[in-house]
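Hi there,

Here is the structure I promised to pass on. Have a look at it first, and then read on for what came out of it.

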Amino acid sequence: MKDIDKSFKKDTETDFPLREEMRPRKVTTPDGQVIDIDPLQDYFCQEPPKVHRKSYSAIVEGFYNWARANSLWILGFGTGCGAIEMRPLMTPRFDAYRYGIQWRPTPRQSNLLVISGYLSVKTLKRAIRAYEQMPQPKYVVGLGSCTINGGMYWDSYNTIKKLDEYLPVDLYIAGCMPRPEALLAGLMDLKKLIRKGEAEGANRYAENFDWYKANQKSVIKDWDMPDYSW
Amino acid sequence: MSFEWIHVAYAALTLFIVINYGMIMTALVRKIGARVSGRYGIPIWQNYIDLAKNIALRSKVTHGAMFYLGPVFRLTGGVGLLLFVPTIYGSVMHQNFSYAGDLILALYFVFFGTLGMALGAGESGHPHAAIGVSRGLAQVTTAELPLALAVYALSLQYQTIDITEIVAAQQGSLFNWTLFTNPLATVAALFGLVGTMMRSPFDVVMAPQEIPIGPPTEYHSSYLALMQTNRVLFPVAKVVIFMNLFFGGATNWAEFAVKAFAIYMIPVLIGVVNPRFRVEQSIRFFLKWGLPVGILAIVTV
Amino acid sequence: MRELIEHLTPRYSLGAPVFQRPGLTFVDVKRDKLRALLLDLRDKHGFTHLVLLTAVDWLEEGRFQLTYLLNNRAADQTLGLRLYLDRANPMGDTIHDIWPTAATYQRELREMFGIAFPGSPRVDEEFILEGWTDMPPYRRDFDTLAYSQQTFVERGGRETHEPRATMKHKLYPEG
Ligand code: SF4
């Protein structure tokens with residue numbers, strides 16, 4: 001691999017201006033009052049995420065983990081080529097439903113975010129928001145080499161190369177692109193992790209929240225959302 | 001019928017049986033669908049696992065008081081519907097709180113859940129929820145019209161608004177069923193049943209590909225668990241009414257299971273062969289075909 | 001096609017045509033004649049379809065090349081018009097009123113090459129990139145490898161196998 005090219009210097013000086021609708025402004029209410037609005041402060045909840053402890057009784061937690069493992073709801077959000085390989089899982093040939101795996105259309109109702117391939121900076125922003133809106137406990141699976149080390153987009157100006165810098169990944173599935181069988185096998189492994197109670201990505205995210213945020217903000221220049229999207 | 005405390009326990013028992021029946025039956029229907037399309041399908045107890053999973057989720061986000069109450073109202077609609085109609089005819093235990101005017105109350109409860117959901121989903125602030133709610137209200141309102149007309153036709157026919165008496169009048173022979181004594185009213189009511197079951201072609205309210213899933217977009221964890229419970233309970237409760245009004249009621253649980261399953265399959269079968277209506281199409285459909293049948297049913301009793 | 005080019009050349013002072021293959025021809029045009037030529041081609045000569053509008057960065061020659069690819073469906077003819085712009089201050093003319101689709105192409109060129117198209121609708125809004133502050137990334141002096149190494153965290157242990165050497169080594173280990 002080529003070494004870092006010293007002659008090219010990335011522009012680190014310029015800041016991206018805040019979007020128009022996110023800037024603080026004065027608004028006249030219908031009854032004539034003039035109020036200050038700072039959308040980033042006022043429109044969103046500013047709470048950081050909490051670390052949620054396991055339940056006190058090991059038996060209950062074991063039962064819960066069993067239920068979680070057998071009812072994996074995947075967020076129907078495909079980011080790269082790999083999204084194509086996720087769809088066959090619904091078909092008669094692979095039929096992931098028999099393992100309790102379903103697809104849900106909204107992040108609020110899903111537990112598993114499959115990052116199915118390369119993630120451009122623009123999509124990363126959406127993926128972060130989707131991830132943060134999912135209820136705890138939640139799992140992230142990185143599908144394909146692109147999420148592991150950049151894959152064939154290793155020299156792209158616009159795709160991230162190491163997913164676990166930005167989101168807490170529980171499991172990677174290697175390949176470019178992985179076959180549906182590989183994906184299914186990966187999901188079975190994820191189930192085992194959940195059964196063992198080791199898939200605590202959301203808590204890791206909450207514990208290292210500052211680190212994750214710093215990483216995310218270092219690539220997303222127009223950060224126009226709250227730090228944690230509830 | 002006088003009230004005794006033991007009735008509460010009996011009613012709870014009915015509720016318990018019906019919820020479990022609904023859990024298994026909806027899973028079974030999905031499984032049949034999967035088998036037809038050549039898949040193995042979900043495990044039959046998948047609904048229970050999903051329920052446990054949703055209760056086990058650790059974080060909950062709320063959007064205000066109405067957001068809490070939405071699923072509660074919805075479940076109240078389902079439970080209320082079930083509790084005020086006799087589930088098993090002639091059984092003391094599963095007579096529930098049926099009383100002389102329960103037909104009207106049942107009509108009210110059919111709509112109650114939708115209203116509660118509208119309030120709750122509206123508070124969640126998600127645009128898709130608002131779209132889903134407005135569609136849902138419009139569609140359910142028109143779908144209720146033929147149903148209400150059919151119910152009036154029935155009460156004219158039997159000269160009562162007591163479901164127990166209507167069921168009693170249908171006993172004896174197969175041909176005493178309203179299905180045969182008043183087929184028009186049955187057809188009109190079926191419009192209402194199919195229209196409120198949230199299955200294709202009338203599932204534009206949920207429309208998973210279009211407005212994620214409409215009203216419940218923001219609902220998760222325990223809220224969703226409540227709604228899931230209702231989603232298995234409410235259809236069965238509705239089917240119970242239909243069974244009582246048009247298909248001769250049930251005198252024991254076996255008959256109940258068979259009949260409820262058969263009636264439930266009507267919207268399912270219609271659903272699998274029909275594509276989705278847009279909301280203005282479905283409104284037009286109900287007004288054009290459902291309403292005249294309902295009026296005819298009233299006129300001809 | 002030859003007749004058409006011969007017919008148009010004196011009027012629009014076209015450059016020397018390149019007959020790539022039957023049905024595909026390229027010709028250079030001047031910036032001030034472009035608009036009239038496009039209108040003429042569209043309205044009189046049946047080139048009703050703008051296939052694409054794209055740019056090439058000739059870094060060494062210090063200019064951008066815009067390619068307008070037009071198609072005449074009936075005659076099955078494609079004509080590429082090449083227009084050169086100064087690289088230091090690239091300024092194109094918008095043709096969104098001739099073909100509305102051009103507005104999207106111009107927006108893309110504005111973002112990826114930094115070519116200005118004054119008057120084109122929404123041309124200054126972001127198109128694909130979001131929050132981009134560096135130089136337009138399709139310019140050839142933008143080093144995407146260096147940029148990505150300076151921006152994104154890498155995972156160690158990545159090996160690159162140059163296909164030719166690798167296969168040679170695999171198939172003929174003795175050399
Ligand atoms: S790993 Fe391969 S298949 Fe997957 S997104 Fe990257 S390039 Fe596409």
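How many nonpolar, polar and charged residues does the shell around the ligand have? By class, there are 7 nonpolar and 4 polar residues, and no charged ones. Please keep in mind that this is a predicted model.

If you would like to find that shell on your screen, the residues around the ligand include three cysteines of chain A, Cys81(A), Cys146(A) and Cys176(A). Tyr118(A) and Tyr153(A) are also among them, as are Met152(A) and Met177(A). The list is completed by Gly117(A), Gly144(A), Ser145(A) and Gly175(A).

Now to the place where chain A meets chain C. Chain A brings 38 residues to this contact and chain C brings 30 residues. The two chains bury about 3,200 Å² between them, with carbon and sulfur atoms giving 53% of that area.

There are also polar links to look at. Between chain A and chain C the count is 4 salt bridges. One salt bridge joins Arg126(A) to Glu130(C), with the closest N and O atoms 2.9 Å apart. Across this interface, 10 residue pairs are in polar contact.

On the side of chain A that touches chain C, the elements giving two or more residues are helix 4 (121–133) and helix 5 (145–149) of chain A. Helix 4 of chain A gives the most, with 4 residues. By class, this side of chain A has 18 charged, 12 nonpolar and 8 polar residues.

Happy to go through any of this with you.

Best wishes

Notes
Residues are numbered from 1 along each chain as its sequence is written. Chains are lettered from A and ligands numbered from 1 in the order in which they are written. This is a predicted model: local features need pLDDT of at least 70, side-chain atom pairs count only at pLDDT 80 or more; totals for chains, interfaces and linings use all residues. Side-chain values use heavy atoms; hydrogens and water are left out. A residue is near a molecule or strand if one of its heavy atoms lies within 4 Å of it. Ala, Val, Leu, Ile, Met, Phe, Trp, Tyr, Cys and Pro count as nonpolar, Asp, Glu, Lys and Arg as charged, and the others, Gly among them, as polar. Contact means heavy atoms within 4.5 Å. Buried area is the accessible area (1.4 Å probe) that two parts lose on being put together, summed over both. A salt bridge is a side-chain nitrogen of Lys or Arg within 4 Å of a carboxyl oxygen of Asp or Glu. A polar contact is a pair of N or O atoms within 3.5 Å; within protein, one must be able to donate a hydrogen and the other to accept it, and residues adjacent in sequence count only if both atoms are side-chain atoms.
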